[in-house]
Structures are given as C-alpha cells and as structure tokens.
Amino acid sequence: MSKEKVHHITLIPGDGIGPEVTSAARKVLAAAGVVIDWEIVDAGAGAVEKHGTTLPDETLESIRKNKVALKGPLTTPIGGGFQSVNVGLRKALDLYSNVRPVRSALGVSFHHTPIDLIIFRENTEDLYSGMEYEVAPGVAQSLKIITEKASTRIAQAAFKWAAQTERRMVHAVHKANIMKKSDGLFLESVRKVAASYPDITYKEIIVDNCAMQLVMHPEQFDVLVLGNLYGDIISDLAAGLVGGLGVVPGANLGDNVAVFESVHGSAPDIAGKGIANPIATILSANMMLRHIGENKAADRIQAALVLFLSEKKYLTPDLGGNASTDEMVQGIINKIKLLR
Ligand code: ATP
C-alpha cells in the first residue's frame, strides 16, 4: 500500500485549449509523484448542452467540498443571456484575490531586465459587476462598483503576502485623478491597510503611467494591488514582458477556497491544434501544490521547467519553436525524472 497522501481536487478542463493544457498539467504532477484523486466537473460554454447552464451547481458543490480546484479557461457563449462564467464562479465562491506572479526566472523573457513582481487583482467588482444598460438608443452605460470592503480585503491580501514573502514594496494602481469617488475610495482603503505595515514601502501610481513604467523599468515593481479591470489589463501587459500568456500562472483565492488557473483565456485561434503552451497551467498547478503543502514536488517541477527551457528545444510556437504540446510535456517530464 502506498504511503503517499492522496489529495482530493476538483478539475475543470474548461473550453478551447483548456482540456489540452489541464491534461498536460495533470501528467506533469503525476510525474512528480503527487497523488491526486481528480473530481472532473463541467463549466463554461462546453457545459451548456449537458447542464443547460455555464456554471452547474454540482461544479460549485465539488469546489466547496474539496476547497481546491485546477481550472482551464472558460468561455461565455455570446447571446442567450449568459453572464460571464468566470465572474460568476469568482462571485459564487467569493474568490476575491486574483494572484498572478510575473517572473522572468524561466529565461524566456522578452525584456532585458530581471522581473519578479506579483499582481493582486480584485476579483469581484469594478466594471465586472455586470450592470450595463442601454439608457437610450445610441447611449450605453456600465456601472463601476467599488466598495470599501472589497478594496480593503484585496489590500490586506497583498500586504499579508508581501510581509510573509519578505517583499519590500507595494504599489496601489489607480486612476483617482479622474475617478475621484470610486478609485478614490479604493486608494483610501489601501492606504489604511498600508498604515499597519510600516516595514513595507507603500507607493501609488496612476494606471497609464504604470503601463509605461512596466515596459521601460519593470524592475522598480514588487507587489501591485489593483482593481478588477486595471488588474486584467496590467496582467496581460506584464505577461508580455516575461514570455507571453503561455507562461504566466494565477490563483483565485477566497478565505476558504482556492481555484488555480493561468492568466490566458481559451485561445480559440489555436484550440484543438495541439500547439498550446501548457507552462502557464503547469505553473498554476505548481502554485496549487504549494497551497496544499507539496513544496518538494513544486520545487522539482520548477527546476525541471527552468532546465527544460534553458535548452530551447521542443518549444511551442508562441515561444518561437515548432513543437507540439505533447512534445513539450514529454520534454518537461524527462527533466523531472532526471531531477529525481
Ligand atoms: P480572455 O478574454 O478569456 O482573457 P483573450 O481573448 O484575451 O481571452 P486569450 O484566449 O488569452 O485571449 O488569447 C490571446 C492570444 O494569446 C491568442 O492569440 C492566443 O492564441 C494566445 N495564447 C493564449 N494562451 C496561450 C497558450 N497557452 N499557448 C499559446 N498561445 C496562447
């Protein structure tokens, strides 16, 4: 009988390239010796035919029960009155922190400067509240909702993480010069949290300047805390600095539940072609391993990825190669075995 701990984890393969990249991550975790009893459930456009909804109750139940999930990207069908499934999932499970480490450590960065920053994106409100109206023909309105509660808890998550991981600085990213009330409230809330962390330098930066500074001098950033929309845009920009969407992982964290998923979407342009880069999902799964205490396996996978990428062989097209997802996965697994 094996003495290894069996972890019970929900898996949402998702839409587009989701099934390809989550299957790749499962193979890598298995090669690193982590034993997981996956509970596979549906969500997204692919769930509609079977369940009549993009977010079946049994999917939410499974995540609530297991408390940890690995998730592929989900798409919301256009028309038919479906609300964004990603927003729905985050709200239903109150996954208020979207944590996205952006690092050049893998050696596939497009930038000459070493980058090691972490993005805390508020996940439940802002312009993602879904309150959009056509107020008159030719006039549309979207409501940007900012609350003290949500701004405070994303700030607390960012500062707590910064303190625990010995980070030196937190930037709050905003546009309070224009949106004085909503972004003003966000800033006011972050400032109050910052005041209880005197050892961490606190700075504020306007989002457009932040975008330019990230491109020109990314090394000045350490931890960024942002509202939902700025967090979405700045994440993709930052991903572009370190090798693209194919290599940036993420976690959606609530107080009791954690759902791990890459920053990228379902990439319909390459879905089913077998060329999706699985590294973002493998790294998301690696964050999940640290969350469940499998640090040794996570260290081994990280080392295997660095070794694999240093050889610049079997790279998928987004990284300038012509390998398939399967070839890349096999290359990574070979390195994991080498590091045993
Ligand atoms: P969403 O709105 O759901 O975030 P999106 O429309 O912004 O999604 P993505 O689906 O993330 O965009 O894709 C953006 C581009 O990046 C596409 O050209 C896609 O092919 C590419 N891309 C995304 N993920 C990967 C990946 N894992 N491997 C290779 N290319 C990828």
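**Exercise 1.** Determine which ring the charged end of Arg121 sits over.

*Solution.* The criterion requires NZ of Lys or CZ of Arg within 6 Å of the ring centre and within 35 degrees of the ring normal. The ring belongs to Tyr128, and the charged end of Arg121 sits over it at 5.2 Å from its centre. The model is a predicted one, in which local features need pLDDT of at least 70 and side-chain atom pairs count only at pLDDT 80 or more, while totals for chains, interfaces and linings use all residues. Residues are numbered from 1 along each chain as its sequence is written, and side-chain values use heavy atoms, with hydrogens and water left out.

**Exercise 2.** Find the aromatic pairs and characterise the one formed by Phe120 and Trp161.

*Solution.* Rings of Phe, Tyr and Trp (its six-membered ring) pair if their centres lie within 6.5 Å; planes under 30 degrees apart count as stacked, over 60 as edge-to-face and the rest as tilted. Searching the whole structure yields three aromatic pairs. For Phe120 and Trp161, the centres are 5.7 Å apart and the planes enclose 70°, an edge-to-face arrangement. Next, locate the partners: Phe120 belongs to strand E5 (residues 116-122) and Trp161 to helix H5 (residues 148-164), 41 residues apart. Here helices (H or I, at least four residues) and strands (E, at least two) are DSSP runs, numbered from the N terminus. Finally, assign burial, where buried means under 20% relative accessible area, exposed over 50%, and partly exposed in between (1.4 Å probe, protein chains only). Phe120 is buried because its relative accessibility is 1%, whereas Trp161, at 27%, is partly exposed. Separately, Phe159, Tyr197 and Tyr202 make up one aromatic cluster.

**Exercise 3.** Describe the backbone and surroundings of Asp126 and Tyr314.

*Solution.* Asp126, although not a glycine, has a positive phi of about 70°. Asp126 lies in the loop between E5 and strand E6 (132-136), and counts as buried at 2% relative accessibility. Tyr314 also is a residue other than glycine with positive phi, near 55°. The loop that holds Tyr314 runs between helix H10 (295-310) and helix H11 (325-338); at 47% relative accessibility, Tyr314 counts as partly exposed.

**Exercise 4.** Identify backbone atoms that approach the ligand's oxygen and nitrogen atoms.

*Solution.* A polar backbone atom of Gly265 is 2.6 Å from a ligand oxygen. A backbone N or O atom of Ala267 lies 2.8 Å from an oxygen atom of the ligand. For Asn277, a backbone N or O atom is 2.9 Å from a ligand nitrogen.

Methods. Polar contact = N/O pair within 3.5 Å; in protein donor to acceptor, adjacent residues only side chain to side chain.
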